[in-house]
Amino acid sequence: MGRGRVEMKRIENGTRRQVTFSKRRKGLFKKASELSVLCDAQIALIIFSPQGKLFHIGEIIERYRESTKETRISIDNAPPQYIERFKHDIAMMSKQIEMLEIAQRKLLGQGLGSCSLKELHEIDRQLEMSLINIKARKAQVYMEQIESLKAKEKDLLEENATLREKCGVRQNEVVLVPGKQKEEIERKKKKERCMDLVETDLFIGLIPPSRYATYS
């Protein structure tokens with residue numbers, strides 16, 4: 001029998017949990033190493049055991065440490081004027097982001113208590129322009145949908161004409177649907193039965209007694 005499927009939940013037994021961690025960690029590292037060799041990929045794995053012990057593989061971690069160390073050193077050794085410029089740029093960007101957020105809230109009708117009459121007129125104008133653009137786009141979408149439906153209708157008419165031509169049906173010829181066709185057939189059969197009941201023999205003189213039952 002094959003191995004049963006392991007339920008994915010925390011192993012309550014501490015010893016069993018540690019053994020499973022050790023086995024699966026080694027298997028994971030082996031698979032990562034094989035993938036790195038086969039595909040020439042740079043792979044890094046960082047694992048902390050339940051006891052907090054660190055396990056890792058891959059030179060990429062050391063490269064990351066060196067790069068972050070060099071970045072910290074370069075920032076620390078930067079001239080004071082560059083640092084001040086960076087701080088000024090960060091402050092300006094933060095202020096611009098804050099102003100954009102305030103403007104967005106005002107367009108949504110929030111935080112209007114501090115707005116002057118001029119600012120309210122400007123917000124009203126922006127909303128009107130937005131509404132005009134939305135209506136124009138809406139009308140354009142409607143027209144595109146109408147044109148698309150007209151094109152589909154034209155294609156269907158052409159396809160219908162082609163099918164009529166293949167089936168030998170004329171343009172003005174009425175084709176009976178299955179229900180009406182069945183009624184027409186039944187009507188013809190009934191008419192034929194009535195015709196069969198009509199007596200066509202010619203007698204001279206009195207009608208023979210054998211025919212009385214037919215006419216009674």
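This report walks through a predicted model of a protein chain, from its overall layout to a few individual residues.

## Overall layout

The protein chain has 216 residues, and 6% of them count as buried. Its secondary structure consists of six helices and two strands. Reading from the N terminus, the order of these elements is α-β-β-α-α-α-α-α. The accessible surface adds up to about 20,400 Å², and carbon and sulfur atoms make up 58% of that area. As for contacts along the chain, take those with a separation of 6 or more: 18% of them join residues that are 24 or more positions apart.

## The nonpolar core and the patch

Where should you look for the largest nonpolar core? You will find it at six residues, namely Phe21, Phe29, Ala32, Leu45, Ile47 and Phe55. Helix H1, which covers 14-39, and strand E1 each supply at least two residues of this core. H1 gives the most, contributing three residues.

Ala32 is a good member of this core to click on. If you set aside its neighbours within four places in sequence, Ala32 is in contact with Ile43, Leu45 and Ile57. One of these partners, Leu45, also belongs to the core.

Now turn to Ile46, which has its place in strand E1, residues 45-48. Is Ile46 buried or exposed? Ile46 counts as exposed because its relative accessible area is 53%, and the cut-off for that class is over 50%. Together with Phe48 and Leu54, Ile46 forms a nonpolar patch on the surface. The three residues of this patch share about 310 Å² of accessible area.

Between H1 and E1 there is a loop, and Asp40 is found in it. Asp40 is worth a look for its backbone: it has a positive phi of about 55°, although it is not a glycine. With a relative accessibility of 72%, Asp40 is exposed.

## Salt bridges

Side chains of opposite charge can pair when their charged atoms come close. How many salt bridges does the structure hold? There are two, and the table lists them with their N to O distances.

| Salt bridge | N to O distance |
|---|---|
| Arg10 with Glu12 | 3.3 Å |
| Glu122 with Arg125 | 2.6 Å |

In the pair of Arg10 and Glu12, both residues are exposed. The other pair sits in helix H4, residues 117-167, where Glu122 and Arg125 are three residues apart, about one turn of the helix. Glu122 is partly exposed, at 33% relative accessibility. Its partner Arg125 is partly exposed too, with a relative accessible area of 43%. Both values put these residues in the partly exposed class, because that class runs between 20% and 50%.

## Helix H4 and the annotated region

Leu120 is another residue that lies in helix H4. Its relative accessibility is 36%, so Leu120 counts as partly exposed. Which residues does Leu120 touch, leaving aside its neighbours within four places in sequence? The contacts of Leu120 are with Leu112 and Cys115. You can also compare the position of Leu120 with that of Leu107, 13 residues away along the chain: their C-alpha atoms are separated by 9.9 Å.

Finally, here is a feature from a database record. UniProt, in an unreviewed entry, places a "coiled-coil region" at residues 139-166. In the model, the span of residues 139-166 is 100% helix and 0% strand. The end C-alpha atoms of that span lie 41 Å apart.

How values were computed: Residues numbered from 1 in each chain as written. Predicted model: local features only at pLDDT ≥ 70, side-chain atom pairs only at ≥ 80, totals over all residues. Heavy atoms only, no water. Patch = residues over 30% accessible without salt bridge, like charges linked within 9 Å, V, L, I, M, F, W, Y side chains within 5 Å. Areas by Shrake-Rupley, 256 points an atom, 1.4 Å probe, with all protein chains shown as cover. Salt bridge = Lys/Arg side-chain N within 4 Å of Asp/Glu carboxyl O. Helix = DSSP H or I, 4+ residues; strand = E, 2+ residues; numbered from the N terminus. Buried < 20%, exposed > 50% of the residue type's maximum accessible area, 1.4 Å probe, protein only. Core = buried A, V, L, I, M, F, W, Y, C linked by side-chain atoms within 4.5 Å. Contact = heavy atoms within 4.5 Å. UniProt positions renumbered as here; feature names shortened; annotations may be inferred.
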